[in-house]
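I opened the notebook to go through one protein model. The entries below follow the order in which I looked things up.

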Amino acid sequence: MSAQRIVIIGAGMGGLTAGLELAHQGLEVHIVDKAGAPGGKLREVAVGDAKIDAGPTVFTMRWIFEALFSAVGERLEDHLSLAPMQILARHAWDAEQRLDLYADMQRSHEAIAAFAGGAEADRYVAFCRQAQKTYQALDTSFMRDSRPSLTQLISRVTREDPRGLMHITPFASLWRALGKYFKDPRLQQLFGRYATYCGSSPFLAPATLMLIAHVEQEGVWMVDGGMARIPEALAKLAQARGARLHSGVAVQEILVKGGRACGVLLDNGERLEADAVISNTDYAALAAGHYGASLRTSVPQPQPDQRSLSAITWTLNTRTQGFPLLRHNVFFNGDYAAEFEAIFARGALPAEPTIYICAQDRADIDSDPPDGSERLLCLVNAPARGDQRAFDESEVSQCRSSAQKLLARCGLQLNLDTEAGVMTTPAHFEHLFPASGGGLYGQATHGWQASFRRPGARSQMPGLYLAGGSVHPGAGVPMASLSGRLAAAAVLQDLTSARR
């Protein structure tokens with residue numbers, strides 16, 4: 001091999017980011033993915049002639065992508081068309097109780113004052129200030145660190161700000177922290193939902209997740225053409241720099257020689273030798289031996305009872321009536337604690353779920369609904385038990401019926417039972433992402449130690465590196481991209497050291 005060769009398993013955001021950076025540095029990069037198109041969990045589903053985002057739907061932390069594009073000599077705006085959102089999401093509890101959260105803090109303050117009173121609005125501002133302090137304390141000391149430890153975190157935070165640990169409050173749950181800011185249980189629900197952004201329960205996740213409030217205040221964008229344009233852009237840039245994308249072919253085994261990862265065996269019989277391998281899969285697949293028995297001990301053993309949330313989703317192209325949908329909409333149930341108790345304690349679908357709807361033909365302001373059908377992603381939280389059992393039709397039917405009753409109570413007429421769509425369950429997600437049980441975010445972020453249990457970019461097997469939402473710094477499109485940059489940096493550092 002004239003240039004050092006890197007094989008990347010998985011064309012999700014972490015794998016594409018790492019592949020782009022390594023190809024830009026002149027390495028020979030091969031990205032292998034069993035799917036027919038890049039994106040991983042950031043995928044599109046076809047419903048008739050319509051293509052609908054069926055994975056992540058929110059674009060935040062723009063600076064991460066600006067830095068990535070700049071590192072390879074490009075400008076983000078030359079490859080993606082982004083529009084900033086004014087209303088981040090519309091929230092409803094019934095037909096009368098409705099609250100819009102804005103990108104502008106003052107407008108949110110006014111909306112909350114009208115919804116829950118001036119005192120709650122003032123407490124919202126105090127909450128946002130605390131969220132900003134938490135974000136600033138963890139930005140460089142944790143999120144951008146290749147493999148942070150608790151002692152390193154404490155040292156860095158206190159060195160930058162002697163009172164920095166007071167801003168993190170890692171030992172309290174998010175729900176308990178929210179109770180100190182908000183007296184209205186509806187606002188506790190609204191901001192407690194941030195825990196679900198990383199697949200966790202607000203009653204078990206640490207208060208540090210309040211930093212998501214600050215992330216949203218920094219900006220949320222709509223991607224012209226849908227979220228799938230992001231991996232498309234990264235794949236094109238990587239290929240322009242010589243990276244080769246192998247689509248529709250799966251990795252059967254990671255090859256090991258002399259105690260070091262040295263390539264992969266594809267399911268078509270082809271062998272790709274490599275100087276390093278990056279696994280952009282859920283690391284549970286390595287621990288389960290899906291890529292070879294010798295790789296089982298290369299990563300920590302994940303705990304099935306600590307998996308993150310899965311979901312039941314309905315990807316629809318259908319008509320709606322009543323409720324004035326925006327791009328992002330959340331419909332809350334009447335018993336938030338019962339929802340998460342059912343999922344995490346009993347492994348069951350909630351009796352009444354919270355429902356998220358991304359209306360992909362709507363903007364972020366009120367307007368007339370589209371003529372005819374519109375593209376929707378409807379999602380309810382579910383336990384990650386897809387490798388243990390499939391929910392039978394009666395369970396799914398009960399969940400769907402409860403969801404439709406809640407939507408109707410909020411004024412939205414929508415038929416989730418329509419044939420004009422695709423339903424995805426935890427069992428389907430397990431098939432797409434093996435060994436995850438259908439969990440969409442790796443291990444749940446429950447308790448203050450959870451973030452430190454995620455593996456870093458380097459596995460215990462020399463030559464094998466990790467990227468993706470199941471490893472540090474966590475789940476979500478920006479975090480998975482950061483993991484790819486961290487993996488690429490580790491590969492470059494180790495290969496340079498080996499040459500020396």
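Which strands does helix 1 (residues 13-24) lie across? I found that helix 1 lies across strand 1 (5-9), strand 2 (28-33) and strand 14, and runs at about 165° to strand 2. Helices (H or I, at least four residues) and strands (E, at least two) are DSSP runs, numbered from the N terminus. Angles run from 0 to 180 degrees between N-to-C directions, with axes fitted to C-alpha atoms, for helices over the stretch in contact.

I noted the source: this is a predicted model, where local features need pLDDT of at least 70 and side-chain atom pairs count only at pLDDT 80 or more, while totals for chains, interfaces and linings use all residues. Residues are numbered from 1 along each chain as its sequence is written, and side-chain values use heavy atoms, with hydrogens and water left out.

Next I looked up the sheet. It is open, with five strands in the order 10-2-1-14-22 and parallel pairing (two strands pair if DSSP finds at least two bridges between them). The edge strands are strand 10 (244-247) and strand 22 (464-466).

I then checked strand 14 (residues 276-279), which three bridges join to strand 22. Ile 278 has Tyr 465 in strand 22 as its bridge partner. Helix 16 packs on the sheet, touching strand 1, strand 14 and strand 22 (contact means heavy atoms within 4.5 Å).

Last, I looked up what Phe 127 touches. Leaving out residues up to four places away in sequence, its contacts include Leu 178, Phe 191 and Met 210.
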